[in-house]
Amino acid sequence: MTSPEAAPATRDPKWWTLAAVCTGVFMLLLDITIVNVALPDIQIELSATLSDLQWVIDAYALSLASLLLTAGSLADLYGRKRMFAIGTVLFTLGSVACGAAQSVGFLTAARAFQGIGGAAMFATALALLASAFTGKDRGVALGLFGATTGVAVAIGPVLGGLLTSGLSWRWIFFVNIPICVVALAVTIVRVQESHNPRAGSPDWAGFLSFSGALGLLVYGLIRAGEDGFGDAWVVACLVGSGFLLVVFLAVEVGARHPMFDLRLLLKPTFTGGLIAAFGVSASIFSVLTYLVIYVQNVLGYSAVQTGLRFLFLSAMSFVAAALAGRLTERIAVKWLIGPGFLIVGAGIMLLRGIAESSDPGEWTHLIPGLVVSGIGIGLINPPLASTAVGVVEVARSGMASGVNSTFRQVGIATGIAALGSIFAHQVGDSITSSLKGTPVADRADQIAGAVTGGQVQAVAAQAPPEARGEILSATTTAFVDALNHILLLAAIVAFVSAVFSFLLIRQRDFVVREHPGGAPSDTADLAPDYVGPEVTGRGAHIRDEEPGKHLPA
């Protein structure tokens, strides 16, 4: 029987808000990590190329990155509850479309549509929590939110493998439907509406120029994998992207309500946080896509077997993140983020040296690298949140966190595109050289196209018996050599990010929030207009050596 004291708490709408937000964000993060292990099955059923698989991931990241800040502005104007509910509906419809896709083009479009809904939900998640909770309860809510994100990332590969192997890759999208329905029902019935009374109109010019620049950049990078960086169309896309980026910067300088206030870059720590957000996505998270293809299509493991093997990374990341969340209150964040990147870089270097073999036992070579990389990821993520919101005053914390989240998605989109293009180009050159003078030399381009998508075993099985051994050796060597090459590039990105983290992230840039009575506070006291999906629990604790130091008005 419920006690009289407990009854009001169970009816308190703020805990229903937490339930709705955690349910929705769990689904969003799950959908990011769950897709990787299904890529080989998608490739086979929909006859997809490597560039097609890149777009399956990048379409979601692109629309999410492009719309995140604009969705936050719309939520401030028209209501966060309303925007979260609309985003949930759009994400549900996108999930249905993804699961029903009969072509890779339709799947890519559906993934982009999913990203629109995801942006609306991401942009409003923490704003809803900040408006519903105050004091110690807000700290509890942010802690539970952070735990939810950690669990989603940890179980994504395994759940994706179970659904793909046990049912079909389509169920990694259909599983979203019941979760969406629960989140939507709780949002409509229990969540209270909130607005930002100081909100300005959305920066549509900034949105269009930024989206165009990012889209042309990713398209050009992916196209370069097929046609080379010297291709006229590739060059045009990259030049056009650069032009639109300049336009975006000019728009932001002159905008009355910019989506990205460039004055935020005056704080070195904020800039360092952006580089770190980009770097962690462009390094280890981007290269994981190609490692999954290797384990499944070269070594021959099923989706669920692959997901279980990548638990070495996700489980260590979860454990290290819990430790880093506690250390953030005692150690300057640069001494977690910088070393974290060094550890990630070392982990990626341990992943290198993959043998030119399709023996299933070769997967054990990956274990040390996955464990070490997971530790590095866990050290980076919790303190990275505070570099975004801890160096600006409350009024700018929403934009600051949103920009940091956007850079994460940009890192994923450009990292996968760039590494994939380099990978495909190297595979093509290697196979053409290896098969020169053989009976299948005229099919070298076709074979290279299949191998870049991981179809090493399939190519060998379909080859003429007299050439099968030679083709298997050439294709395996080409795939593994290219994979080792992009692993080196990913490690360099991680090490460069470590250097910038050490150089730019400074404890004196952090500002102190104060209660009206003058006592310092932490993120549990952020104003109701606080927004941003990257803050997790106490990891965003804000301290400073120079109280009251702010950016120029």
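Start by selecting Ile 116, which is partly exposed at 34% relative accessibility, where the class lies between buried (under 20% relative accessible area) and exposed (over 50%), using a 1.4 Å probe and protein chains only. The model is predicted, so local features need pLDDT of at least 70 and side-chain atom pairs count only at pLDDT 80 or more, while totals for chains, interfaces and linings use all residues. Residues are numbered from 1 along each chain as its sequence is written, and side-chain values use heavy atoms, with hydrogens and water left out.

Ile 116 is found in helix α6; helices (H or I, at least four residues) and strands (E, at least two) are DSSP runs numbered from the N terminus. Now add Val 89, Leu 93 and Phe 113 to the selection: with Ile 116 they make a nonpolar surface patch of about 300 Å². Helices α5 (80-100) and α6 (104-132) are the elements that give two or more residues to this nonpolar patch. Patches are made of residues with over 30% relative accessible area and no salt bridge, with nonpolar side chains (Val, Leu, Ile, Met, Phe, Trp, Tyr) joined within 5 Å and like charges within 9 Å. A salt bridge is a side-chain nitrogen of Lys or Arg within 4 Å of a carboxyl oxygen of Asp or Glu. Accessible areas come from the Shrake-Rupley method with a 1.4 Å probe, and for residues only the protein chains shown count as cover.

Next, the aromatic rings. Rings of Phe, Tyr and Trp (its six-membered ring) pair if their centres lie within 6.5 Å; planes under 30 degrees apart count as stacked, over 60 as edge-to-face and the rest as tilted. The count comes to nine aromatic pairs. Select Phe 210 and Phe 248: the ring centres are 5.3 Å apart and the planes are at 45°, so this pair is tilted. Phe 210 belongs to helix α10 (residues 204-227) and Phe 248 to helix α11 (residues 232-254), 38 residues apart. Phe 210 is buried at 15% relative accessible area, and Phe 248 is buried at 4%.

Move to Phe 423 and Phe 479, an edge-to-face pair with 5.1 Å centre to centre and 85° between the planes. Phe 423 is in helix α17 (residues 394-434) and Phe 479 in helix α20 (residues 468-504), 56 residues apart. Add Tyr 290 and Tyr 294 to see one aromatic cluster with Phe 423 and Phe 479.

Finish at Tyr 301, where the charged end of Arg 309 sits over the ring, 4.0 Å from its centre; this requires CZ of Arg or NZ of Lys within 6 Å of the ring centre and within 35 degrees of the ring normal.
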